[in-house]
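The exercises below concern strand pairing and helix packing, and each task is followed by a solution that goes step by step. Please work from the coordinates before reading the solutions.

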Amino acid sequence: MGCVWFVGAGPGDPDLITVKGRRLIEQAGAILYAGSLVDVAATRYAPPGCRLQDSKSMTLDQIGDWLIREAGRCETVVRLQTGDPGLYGALAEMTRRLDAAGMTWRSVPGVTSAMAAAAAAGESLTLPDVTQTVILTRVAGRTPMPPGENLESLAAHGATLCIYLSATLLPEVERALRAAGWPADAPMLVVQKASWPDAERIVRGRLDEIDRLCHESGIDSQAMIVASPALGARGWADLSPSKLYDPAFGHRFRAASTPENPHE
Ligand code: SAH
């Protein structure tokens, strides 16, 4: 039996797959890819004769059966998923089936869309003295949120929030953030199809207008919502510099400079 590799394809730009992921695609006998976001990487790097299948219309059982069947036929089977396979990717549901069938499988991480959105907008998700924490979450849709994880309580931390799967739920995002004490003019960022050549769209606005702005731009899917007190920091007059590069702040790779030793 071959090995089933769950490979993170990254957020959309085929150049953002890892070297390891690409190498696995290049040697794959069969690739099952998850919908339109990753078919470019699959078709660009797959070898001639590789069996390619879109899993869009398949159930979890059918996906499991397909992977097991193909692993009986070829050495390398790739299940290609958007972003990172460990985030909203039904990885556990699939791998437990493979475990039950006695199959070998491995997972290869990918660039998740939250990071691609930050990169697209030129934003840092952490900033000294402002926020040092990033919360990856979503708003309840058809999938309910577990107790203790509603957006209002997560937003109360005041940390950076990267909100997946919620492009149509911006009114709820606004309600939750306002209830948690975020101001109406808190900066918001929405990036649709982050990293996609020619398709990426960036919308910035205040918390109380971001829903309308996204509506007007027709953004209702494949979008990352970022709420963070660090947004726009590169334009601040009073940005406090990171200690990492502060001459007075020594660390493992550089001694602090002192009046006696100013050039260290
Ligand atoms: N495993 C994926 C997430 C899958 S859930 C990852 O790690 O990124 C699907 C959600 O991811 C979408 O609703 C959207 O919120 C986000 N997403 C995926 N690709 C995106 C992209 N290129 N740009 C913005 N958001 C994206």
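Two strands are taken to pair if DSSP finds at least two bridges between them. The model used here is predicted.

**Exercise 1.** Determine in which sense, parallel or antiparallel, strand β2 pairs with β4, and over how many bridges.

*Solution.* Begin with β4 (residues 76-81), which pairs with β2 in the parallel sense over four bridges; within this pairing, Tyr 33 has Leu 80 of β4 as its bridge partner. Then turn to β3 (residues 51-54), where the pairing with β2 is again parallel and runs over four bridges, with Ala 30 standing opposite Arg 51.

**Exercise 2.** Work out which residues of β2 point to which side, and whether they are buried or exposed.

*Solution.* In a regular strand the side chains alternate between the two faces of the sheet. In β2 (residues 30-33), Ala 30 and Leu 32 point one way, whereas Ile 31 and Tyr 33 point the other way. All four are buried, that is, under 20% relative accessible area.

**Exercise 3.** Establish the strand order of the five-stranded open sheet, and locate the helices that lie across β8.

*Solution.* The order is β6-β7-β10-β8-β9, with mixed pairing. The edge strands, each pairing on one side only, are β6 (134-138) and β9 (201-206). Neighbouring strands are turned by 20° against each other on average, direction ignored. One pairing in this sheet, that of β8 (residues 187-192) with β9, is antiparallel over six bridges, and Met 188 has Gly 205 in β9 as its bridge partner. Finally, helix α7 (residues 170-179) lies across β7, β8 and β10, running at about 15° to β10, while helix α8 (residues 210-217) lies across β8 and β9, at about 150° to β9.

Notes:
Residues numbered from 1 in each chain as written. Predicted model: local features only at pLDDT ≥ 70, side-chain atom pairs only at ≥ 80, totals over all residues. Heavy atoms only, no water. Buried < 20%, exposed > 50% of the residue type's maximum accessible area, 1.4 Å probe, protein only. Helix = DSSP H or I, 4+ residues; strand = E, 2+ residues; numbered from the N terminus. Axes fitted to C-alpha atoms, helices over the stretch in contact; angles between N-to-C directions. Contact = heavy atoms within 4.5 Å.
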